[in-house]
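Hello,

Here is the structure I promised to pass on to you. Please open it beside this email, and then read on for what turned up in it.

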Amino acid sequence: MVNNPDNLPILQRGEPILAQVASAIEDINSHEIKQLISNLKVTMQNAGGVGIAAPQVGVSLRVFLMASAPSERYPNAPLLPLTVVINPSIINKNSLQELDWEGCLSVKGKRAQVSRYTCIEVKFQDETGKKHHQTLNGFIARIFQHELDHLDGITFIERLNHEADVINEQQWLEQTQITEAR
Ligand code: NI
């Protein structure tokens, strides 16, 4: 039985757990995992995120959620229903990488252009334990890579070549508006 889901505080970069490699989940059907998934869902929705990983709420286990729809944080996001991703791996990727803007609930108020593979072949289990094998493209592939990084103790800041690539939300809004006006 799952209790009422809680909105959990989101840890910020600098917390040691965000730099740790998370452990695989063995008992997907346990009460603790069901509760964790409920909490992650509520926390992500309240924060307006398109993804959230367990280490961001202080749990060092290999699970993240993805859900995408156009929003204030991501105006051009495609539609992806809530997807629970457990014990994920990237088994293949194309050679092409693309730069695009990312933010992170654990790096508040910052944005940067991050290079990610445009097409990845992935494996994971869902919340029932069922195995999935999918090919993901574009923005969804980007979310998957960003969230998988969290399970390996990496935030998008560590993916940058230069710290100067990080800008604040206000600069980002101005820059992206300029880009879209072109
Ligand atoms: Ni993040």
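**What was found**

Let me start with the lining of the largest cavity, which by class has 7 nonpolar, 6 polar and 4 charged residues. Please keep in mind that this is a predicted model.

**The two cavities**

A search of the whole structure turns up 2 cavities of 30 Å³ or more. The largest cavity holds about 160 Å³ of space. Its lining is made of 17 residues, and those nearest the centre are Val-50, Tyr-74, Gly-103, His-146 and Glu-147. Strand 4 (97-102) and helix 2 (138-151) each bring at least two residues to this lining. Helix 2 gives the most, with 6 residues.

The second largest cavity has a volume of about 30 Å³. To find this cavity on your screen, select Glu-98, Arg-116, Tyr-117, Thr-118, Gly-138, Arg-142 and Gln-145, which line it. Two or more of the lining residues come from strand 5 (110-117), and the same holds for helix 2. Once again helix 2 gives the most to the lining, here with 3 residues. By class, the lining of the second largest cavity has 1 nonpolar, 3 polar and 3 charged residues.

**The sheet of three strands**

Now to the strands. A reminder that may help: strands of a sheet pair through backbone hydrogen bonds, either parallel or antiparallel.

One open sheet has 3 strands in the order 4-5-8, with antiparallel pairing. Strand 4 and strand 8 (167-168) are at its edges with a single partner strand each, so one side of each has no neighbour in the sheet. Helix 2 packs on this sheet and touches strand 4 and strand 5, and its direction makes about 105° with that of strand 5.

Strand 4 and strand 5 run antiparallel and are joined by 6 bridges. You can check two of the pairs yourself: Glu-98 stands opposite Arg-116 in strand 5, and Gln-97 has Tyr-117 as its bridge partner in strand 5. Glu-98, Arg-116 and Tyr-117 are also among the residues that line the second largest cavity. On to the pairing of strand 5 with strand 8: the two run antiparallel, joined by 2 bridges. There, Arg-111 stands opposite Ile-167 in strand 8.

**The nickel ion**

Which residues are the protein donors of the nickel ion? They are Cys-104 through SG, His-146 through NE2 and His-150 through NE2, at 2.1 to 2.2 Å from the ion. Written along the sequence, the spacing of these donor residues is C-x41-H-x3-H. Cys-104 lies in the loop between strand 4 and strand 5, while His-146 lies in helix 2, so this pair ties together parts that are 42 residues apart in sequence. You have met His-146 already, as one of the residues nearest the centre of the largest cavity.

**The sheet of five strands**

The other open sheet to look at has 5 strands in the order 1-2-3-6-7, and its pairing is antiparallel. Strand 1 (51-53) and strand 7 (131-137) stand at the edges, each with a single partner strand, so one side of each is left without a neighbour in the sheet. From one strand to the next, the twist averages 40°.

Going along the order, strand 1 and strand 2 run antiparallel and are joined by 3 bridges. Here Gly-51 has Met-66 in strand 2 as its bridge partner. Helix 1 (residues 31-47) packs on the sheet, where it touches strand 1, strand 2 and strand 3, and its direction makes about 40° with that of strand 2. Helix 2 lies across strand 1, strand 2, strand 3, strand 6 and strand 7, running at about 155° to strand 2.

Strand 2 (residues 63-68) pairs with strand 3 (residues 80-93) in the antiparallel sense over 5 bridges. Val-63 is found opposite Ile-86 in strand 3. Strand 3 is also joined by 5 bridges to strand 6 (residues 119-125), again running antiparallel. In that pairing, Asn-92 has Glu-121 in strand 6 as its bridge partner.

One last residue to look up is Asn-87, which lies in strand 3. Its phi is near 50°, a positive value in a residue other than glycine.

Enjoy exploring!

Best wishes

Conventions
Residues are numbered from 1 along each chain as its sequence is written. This is a predicted model: local features need pLDDT of at least 70, side-chain atom pairs count only at pLDDT 80 or more; totals for chains, interfaces and linings use all residues. Side-chain values use heavy atoms; hydrogens and water are left out. On a 1 Å grid over the protein atoms alone, a cavity is a set of points where a 1.4 Å probe fits but cannot get out, and a pocket is an open set with protein on both sides within 12 Å along at least five of seven lines; lining residues have an atom within 4 Å of a point. Grid points are joined across faces, edges and corners, and a volume is the space filled by probe spheres set on the points. Helices (H or I, at least four residues) and strands (E, at least two) are DSSP runs, numbered from the N terminus. Ala, Val, Leu, Ile, Met, Phe, Trp, Tyr, Cys and Pro count as nonpolar, Asp, Glu, Lys and Arg as charged, and the others, Gly among them, as polar. Two strands pair if DSSP finds at least two bridges between them. Contact means heavy atoms within 4.5 Å. Axes are lines fitted to C-alpha atoms, for helices over the stretch in contact, and angles run from 0 to 180 degrees between N-to-C directions. Donors are N, O and S atoms within 2.8 Å of the metal (3.2 Å for Na, K and Ca); water is not among the atoms, so sites may look incomplete.
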